[in-house]
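Work through the exercises below with the sequence and the model open. Each task is followed by a solution in steps.

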Amino acid sequence: MKSLGSIRRSFSPWTDPSSKPFISFRNVTKRFGDFVAVDDLSLDIYTREFHALLGASGCGKSTLLRMLAGFEQPTSGEIILDGQNLAGIPPYRRPVNMMFQSYALFPHMTVETNIAFGLKQDGMPKPAIAERVTQMLKLVKMEQFAKRKPHQLSGGQRQRVALARSLAKQPKVLLLDEPLGALDKKLREETQFELMDLQQDLGLTFVVVTHDQEEAMTMADRIAVMAHGKVIQVATPAEIYEAPNSRFVADFIGDVNIFDGTVSRAQASEIRIEADAGFAIEAASSEHPSEGAKAGFAIRPEKIRVGRQVPAGSPVNAAEGELWDIAYLGDMTVYHVKLNSGKVVKASSLNAVRAVEDPLGYDQKVWISFDRDAGVVLKD
Amino acid sequence: MNRLLPAIVNRLVIIIPYAWLLVFFLIPFVIVLRISLSEAAIAMPPYLPVFAWADGLSGFIDNIRQFSFDNYVWLTEDALYTNAYLSSLTIALISTALTLLIAYPIAYGMAKAPATLRPTLLMLVILPFWTSFLIRVYAWIAILKPEGLLNQLLLSVGLISEPLIILNTNTAIYIGIVYSYLPFMVLPLYSTLEKMDHSLTEAAQDLGCTPISAFWRITFPLSLPGVVAGCLLVFIPAVGEFVIPDLLGGSETLMIGKTLWNEFNANRDWPVSSAVAAILLMILVVPIMFFQNAQSRLDREGR
Amino acid sequence: MNRWSRFNIASIVIGFAFLYLPIVLLVVFSFNASKLVTVWAGFSTQWYGQLFRNQALMDAAWVTVRVGLLSATVATVLGTLAALAMTRYQRFHGRVLFSGMIYAPLVMPEVITGLSMLLLFVAIGFDRGFWTLTIAHITFTMCFVAVVIQSRLASFDRSIEEAALDLGATPTATFFQVTLPVIAPAVFSGWVLAFTLSLDDLVISSFTSGPGATTLPMKIYSQVRLGVTPEINAACTILIGIVATGVLITSIVSRRQQIQRERDERAAFAAG
């Protein structure tokens, strides 16, 4: 379910060196006084891409979006859109439209006039405006609410109007600032898929800012994970999850266990790390730290097995400990295993079989184990 | 495109009101200061020296040479003025304290009123503010007169045997100031009290405070910004009040606003009245700056 | 604990009685048949008739209304600009002085403001009359307007302006199509406030007006000095009546709108 958006079509212009990016941030820096909101950032976004800027609040993601919309000017660097340098172009002359976090619907106008607002500014003839508004209302299934004012709408309806208004001018790029932030969980999940379908059908480029990793994972073709004004990693959701390029990304997205240790052998495709937790890790790796260097091994909880038997290959990729905590969540169970070294490891397993005969209990001695390609080696 | 033009148009938002206030609010004060340094004369305008633009720079310098501090010396030497300043400050101070004392329970009661009732109560407090100051002061004459309504009432109930003399005394001035400025005190108090989190006093009581000590230790300190704003809103204009002492006060009541008015309208001594105004302004500069600070802080918090 | 205690109710009742009783008495005695304003001698509207036959008073009322309409309108424009300057430009040269000039007139004793403006008009050789009166009223009322609008702008959601810019509206179009309509209620109440302040002013008017530009408060004041008469009560009652109806109507309308709005919001929320 989670990565439906990314696997339903094969779309990866960023792997093709001949394709030209549609939006380019080139060494963009933005300072507010002493505060550096965006720090020498470069990022390419491609036509028809659904691109998510993901990060905690204050990481610079919104500033980046606002620079693209034209509400902020970069302190240095340039932003190129479809071959045009955007420097000095005011927001009202940019071929991008934005959907605001607060929706920013005009409170004194009806749904209809809100949607028509941008078209009127362009001096579009009245019949054409009416036609486009009808089309937009239909698109977001709000036909029967055309004459209402924003305060007569529910949160979900307002969100749809905001979307229709920002799409009405058929912008080259739609910017979405926390588009689902104000909706409750259920509505948010439904709307995620609607947004994805819409983007696909209209063939638009979407740039969405979010702090919600699940939202980013669900919707985006690629995610740029941001922190302190920099992009830490840009990759597809699967790559971000399975092959984080840093401790920050590994830690930021989902649950992760990180074993620190020293590299004792570094061969072409295999690394051996003597973990501080008292066992050896042998892993496949594309990273090649030198022998004797410090390194980390990141592994997701669901890729760790927990069992009573001593695993084959022990003591490599296996360690002994006791069960510290068990959280039964119905579809899966999460175990906290305290290794003999004292390190607590999180492991989870799907409850694929109903009613386990002999479930693992508290304080039992157990072994954890994992495969050599189950995690990633992170250089320090 | 010409990018300079929008910038200037943009700035007009600031420039137009700024220029208006400079010309019609600030420069007049400079003129007051300047005339306070001139001598009275029987002429129009009734002061000397008169500066004429035609005299140019040399005329201007000559003009400055003729400035004298005589008016200020005269003001400090004449006990009438010193007393008027002192009694204005005293009256304003006492009335401010009285207004606070009366306004606080009202504002507190309003803040605790059911939420549905609050807008109505608020409107009822604001409403008198929209009716003429002069009319509201005038209404009290008929009440406070020796044969007025208050005395009639008190006599008929038998509380007093002969009419109280209230009109044309300082008591009448206090009543007038408290009455006229009450909304100015209630409004800032109400807005700080209304915003206050009720669970704070509940927490204090939960931790062992009696309701009264919870009020003094929690509610009152937290309402201080409103108290300060309200007191300044009453005190500053009350110091220079003219209508109230003129209509309700007696001939022996000295208030500087009245003195200035008389100096200007009856004696036609413009330089002296300018000096009176200049000194009053200097006395009030500090409280006005306090007020401006308090006000902009409240505005920022309102955001 | 958060109950409305007897003490709370009593303080409100007594406080409001104190605020309203004098005005009520004044209104009641304007219908007194006797010439005395302290002894009730039966109902009569004779003083109102006399009032309307008093040509000098009527002339003064006409001047007052003209000054009020003109000054309130100009003050609203200037006050709106000032409020925009204060909220939209966090830094500019002389901002402290500017905010000082906005706030100071709110508390400045009127004798000082009046005297200083008079001296300005004399210094530049501007004949005192209708226009000096209007300028003086604009100056002190625009600050009240600025404060009213400023507090509305402080809670204004700037993102709707950004949305307008984003949809292709120029800054000027954004101001007139989005900002102004949204703050219109505050602009309107600013105008009403300026108008009533102008209508009521005595001290500043006395300093800055000249021959032929006597306002109603000036006229009333000169008669009050000679003694309290039912005729003045009648004039005051009419003034109070005009202002009170105006304020009541606007506040009832805005309250109705708000209740309707809250009802709509609840309905929309329930409908999901």
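The exercises go from chain A as a whole to its sheets, and then to the contacts between chains.

The model is predicted: local features need pLDDT of at least 70, side-chain atom pairs count only at pLDDT 80 or more, and totals for chains, interfaces and linings use all residues. Residues are numbered from 1 along each chain as its sequence is written, while chains are lettered from A and ligands numbered from 1 in the order in which they are written.

**Exercise 1. Chain A as a whole**

Task: State how many helices and strands chain A has, and what share of its residues count as buried.

Solution.
- Step 1. Chain A holds nine helices and 20 strands. Helices (H or I, at least four residues) and strands (E, at least two) are DSSP runs numbered from the N terminus.
- Step 2. The C-alpha trace of chain A spans about 75 × 50 × 40 Å along its principal axes.
- Step 3. Chain A has 380 residues, of which 42% count as buried. A residue is buried if 20 or more other C-beta atoms, placed from the backbone, lie within 10 Å of its own.
- Step 4. Take the contacts in chain A between residues at least 6 apart in sequence: 65% join residues at least 24 apart. Contact requires C-beta atoms, placed from the backbone, within 7 Å.

**Exercise 2. Two open sheets of chain A**

Task: Give the strand order of the open sheet of four strands and of the open sheet of five strands, and identify the edges.

Solution.
- Step 1. The four-strand sheet runs β2-β1-β4-β5 in chain A, with antiparallel pairing; two strands pair if DSSP finds at least two bridges between them.
- Step 2. Its edge strands are β2 (35-45) and β5 (84-85) of chain A, each pairing on one side only.
- Step 3. Seven bridges join β1 (residues 23-32) to β2 of chain A. Val28(A) has Leu41(A) in β2(A) as its bridge partner.
- Step 4. The five-strand sheet has the order β13-β12-β11-β14-β20 in chain A, also with antiparallel pairing. At its edges are β13 (280-284) and β20 (375-379) of chain A; each has a single partner strand, so one side of each lacks a neighbour in the sheet. The twist averages 40° from one strand to the next, with axes fitted to C-alpha atoms and angles running from 0 to 180 degrees between N-to-C directions.
- Step 5. Five bridges link β14 (residues 294-299) of chain A to β20(A) in the antiparallel sense. Phe297(A) stands opposite Val377(A) in β20(A).

**Exercise 3. Contacts between chains**

Task: Determine which of the two touching pairs of chains has the most contacts, and describe the side of chain C that touches chain B.

Solution.
- Step 1. Chains B and C have the most contacts of the two pairs that touch. No contact joins chains A and B, whose closest C-alpha atoms lie 10 Å apart.
- Step 2. In the B–C contact, 66 residues of chain C meet 83 residues of chain B. On the chain C side, α1(C) gives the largest share, 13 residues.
- Step 3. By class, that side of chain C has 50 nonpolar, 13 polar and three charged residues. Ala, Val, Leu, Ile, Met, Phe, Trp, Tyr, Cys and Pro count as nonpolar, Asp, Glu, Lys and Arg as charged, and the others, Gly among them, as polar.

Technical notes
Buried ≥ 20, exposed ≤ 12 C-beta atoms within 10 Å, placed from the backbone.
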